[in-house]
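Q: I'm new to this structure and would love a close look at one part of it, the nonpolar core and the strands around it. Could you walk me through what is there?

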Amino acid sequence: MRLGRLAMATCAVLLAARGAQAEVTLNSVRVAAVDTVALAKFYQAAFGMHEVNRIALPDGPEIFVNFGATADAAKANGAAPIVLMHRASNALQDPIAHVILTVTDMAATVAAVKSAGGKVDGEPRPYGTTGIVIGFAIDPAGNRIELIQPRR
């Protein structure tokens with residue numbers, strides 16, 4: 001009987017912790033560039049994102065972009081935006097932190113990245129035997145973008 005109560009207490013604690021985590025959601029992803037306006041144009045050309053907010057700051061505007069067929073649709077999108085913030089140089093600050101995007105057509109996305117002025121870091125490749133394809137791109141400001149194409 002004592003083990004049963006301990007197990008129930010443990011489950012209650014785990015469920016309470018899980019419930020607390022359910023309140024945490026993604027607010028946004030932040031990447032940086034010397035020219036945030038030019039970087040916003042890249043994200044629109046490469047990924048179809050539109051500007052949804054702009055904050056004027058002394059060093060340059062902070063621009064929020066999100067997915068949508070139009071700027072109004074992007075503004076109505078409840079998903080977390082990418083926030084483009086100003087930084088003093090385009091030197092890559094942290095090679096681990098990066099944006100991760102799900103794509104439906106890796107080849108078309110890679111072509112759009114290159115056409116918009118970005119670079120592809122190696123050829124996209126299968127992820128083990130999962131059927132998932134992963135690629136990495138670098139935007140014109142030096143930020144890494146992981147591209148994930150789910151199993152078809």
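A: Happy to. The largest nonpolar core has 23 residues, and Y43, F47, I82 and L84 are those with the most contacts inside it. Please keep in mind that this is a predicted model. Two or more residues each come from the elements β1 (29-33), α2 (36-47), β3 (62-67), β4 (82-86), β5 (99-102), α4 (106-115) and β9 (144-149). The largest share, 6 residues, is given by α2. As a general background, nonpolar side chains tend to be buried together in soluble globular proteins.

F47 is a good place to start. Leaving aside residues up to four places away in sequence, F47 touches F42, F67, L101, T109, V113, I145 and L147. Two of these names, L101 and I145, will come back as we turn to the strands.

Let's take β5 next. This strand has two faces: V99 and L101 lie on the covered one, while I100 and T102 lie on the uncovered one. β5 pairs with β9 in the parallel sense, over 4 bridges. Within this pairing, V99 stands opposite I145 of β9.

Now we can follow β9 itself, beginning with R144, which is in this strand. R144 has a relative accessible area of 16%, and because buried means under 20%, R144 counts as buried. Its side chain makes a polar contact with the side chain of D121, at 3.2 Å.

Further along β9 sits Q149. With 8% relative accessibility, Q149 is buried too. The side chain of Q149 reaches the backbone nitrogen of M106 at 2.6 Å. M106 is also among the residues that Q149 touches, together with V103, T104, D105, G131, I132 and V133, again not counting residues up to four places away in sequence.

One more residue helps to complete the picture: G135, in strand β8 (residues 133-138). G135 is buried, since its relative accessible area is 2%. Its contacts, not counting residues up to four places away in sequence, are M106, P124, I145, E146 and L147. The C-alpha atoms of G135 and I145 are 8.4 Å apart, although the two residues are separated by 10 residues along the chain.

To draw the threads together, I145 is a handy landmark for your viewer. I145 is touched by F47, stands opposite V99 and is also in contact with G135. L147 is likewise touched by F47 and by G135.

How values were computed:
Residues are numbered from 1 along each chain as its sequence is written. This is a predicted model: local features need pLDDT of at least 70, side-chain atom pairs count only at pLDDT 80 or more; totals for chains, interfaces and linings use all residues. Side-chain values use heavy atoms; hydrogens and water are left out. A nonpolar core is a set of buried Ala, Val, Leu, Ile, Met, Phe, Trp, Tyr and Cys residues joined through side-chain atoms within 4.5 Å. Buried means under 20% relative accessible area, exposed over 50%, partly exposed in between (1.4 Å probe, protein chains only). Contact means heavy atoms within 4.5 Å. A polar contact is a pair of N or O atoms within 3.5 Å; within protein, one must be able to donate a hydrogen and the other to accept it, and residues adjacent in sequence count only if both atoms are side-chain atoms. Two strands pair if DSSP finds at least two bridges between them.
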